[in-house]
Amino acid sequence: MAGSTARPFGWALIGCGNVGRSHSRWAVESPDIDVCAFCDINEEAASRYYEQHEGRYYTTDPARVFADPEIEIVTIATTHATHAELAIAAFEAGKHVYLEKPMAMSTADCLRIYEAMQVANRKLMINFSIRFSGATRAIKSRLQPAKVSNAQCMLSPADLTRWQWDPVLGGGPAL
Ligand SMILES: NC(=O)c1ccc[n+]([C@@H]2O[C@H](COP(=O)([O-])OP(=O)(O)OC[C@H]3O[C@@H](n4cnc5c(N)ncnc54)[C@H](O)[C@@H]3O)[C@@H](O)[C@H]2O)c1
């Protein structure tokens with residue numbers, strides 16, 4: 001990616017919800033990013049993010065973002081079940097994609113995203129934020145390679161009416 005002397009990258013956020021807030025803060029503070037658009041199917045959310053973080057416009061239509069030649073990078077922070085179609089559409093429009101985890105709802109959809117990325121010759125990064133945090137990397141550098149590992153599933157207290165618990169929309173959170 002460019003250094004601060006290069007032209008900033010045109011950027012848009014699709015999904016102006018909880019995690020979209022930290023993406024927006026990061027984008028506004030980065031000299032390498034030109035904040036262009038905020039998109040959400042919920043117009044109130046898109047307009048609120050636009051007012052809070054500026055940018056050029058807000059929209060409820062991801063297609064407007066994909067058709068915008070000024071936008072080079074799209075962050076997708078929507079509900080899990082929408083990741084595959086939005087990411088593939090972004091690649092088909094020639095955008096780089098910063099995609100929230102989980103990448104998609106199935107291995108087949110992950111592979112479709114990967115193939116679209118290859119065809120478009122663009123970059124994809126999944127936001128495994130904890131894996132890349134300074135604290136995690138510092139801990140990992142002090143650990144011996146694991147010989148035995150335990151996989152555990154931890155469910156935290158949550159609002160069970162949220163989409164994350166729906167098997168179709170979110171599949172159920174696993175930490
Ligand atoms: N990397 C991390 O540490 C981390 C942390 C929290 C959440 N997440 C991920 O971020 C994503 C969003 O989570 P959240 O908690 O912000 O959810 P949220 O419900 O607060 O926000 C999702 C937003 O996406 C919008 N949306 C849904 N479908 C859309 C579409 N087709 N086009 C445009 N907008 C659409 C919704 O209206 C909503 O505003 C999830 O995939 C979640 O797993 C990642």
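User: Which residues does Glu72 touch, leaving aside those up to four places away in sequence?

Analyst: Glu72 touches Arg7, Pro8, Phe9, Gly10, Lys95 and His96 when residues up to four places away in sequence are not counted. "Touch" here means contact, that is, heavy atoms within 4.5 Å. Glu72 itself sits in the loop between helix 3 and strand 4; helices (H or I, at least four residues) and strands (E, at least two) are DSSP runs, numbered from the N terminus. Quick ground rules: this is a predicted model, where local features need pLDDT of at least 70 and side-chain atom pairs count only at pLDDT 80 or more, while totals for chains, interfaces and linings use all residues. Residues are numbered from 1 along each chain as its sequence is written, and side-chain values use heavy atoms, with hydrogens and water left out.

User: OK, and what makes the link between the side chains of Glu72 and Arg7 a polar contact?

Analyst: The term asks for a pair of N or O atoms within 3.5 Å; within protein, one must be able to donate a hydrogen and the other to accept it, and residues adjacent in sequence count only if both atoms are side-chain atoms. The side chains of Glu72 and Arg7 are joined at 3.2 Å, so the distance fits the limit of 3.5 Å.

User: How do you know where Asp40 and His83 meet the ligand?

Analyst: Look at the distances. A polar side-chain atom of Asp40 is 2.6 Å from a ligand oxygen, and an N or O atom in the side chain of His83 is 3.2 Å from one. Asn18 uses its backbone instead, with an N or O atom 3.0 Å from a ligand oxygen. The ligand on its own exposes 850 Å², and the protein buries 81% of that; such areas come from the Shrake-Rupley method with a 1.4 Å probe, and for residues only the protein chains shown count as cover.

User: How many residues surround the ligand?

Analyst: There are 24, the closest being Val19, Asp40, Glu100, Ser129 and Trp163. To be near a molecule or strand, a residue needs a heavy atom within 4 Å of it.

User: Why is Glu54 called exposed?

Analyst: Exposed means over 50% relative accessible area, buried means under 20%, and partly exposed is in between (1.4 Å probe, protein chains only). Glu54 has 58% relative accessibility, so it counts as exposed. Glu54 belongs to the loop between helix 2 and strand 3, and its phi is near 65°, a positive value in a residue other than glycine.

User: And what makes Asn121 exposed?

Analyst: Asn121 has a relative accessible area of 64%, so it lands in the exposed class too. Its place is the loop between helix 5 and strand 6, and its phi is near 55°, again positive in a residue other than glycine.

User: What is the largest nonpolar core made of?

Analyst: A nonpolar core is a set of buried Ala, Val, Leu, Ile, Met, Phe, Trp, Tyr and Cys residues joined through side-chain atoms within 4.5 Å. The largest one has 27 residues, and Val65, Ile71, Leu99 and Ile113 make the most contacts inside it. Helix 4 gives the most to this core, with six residues. Beyond its neighbours within four places in sequence, Val65 contacts residues including Ala12, Ile14, Ile71 and Val74.

User: How do you know which peptide bond is cis around Pro102?

Analyst: From omega: the bond from Lys101 to Pro102 is cis, with omega near -5°. Pro102 is in the loop between strand 5 and helix 5.
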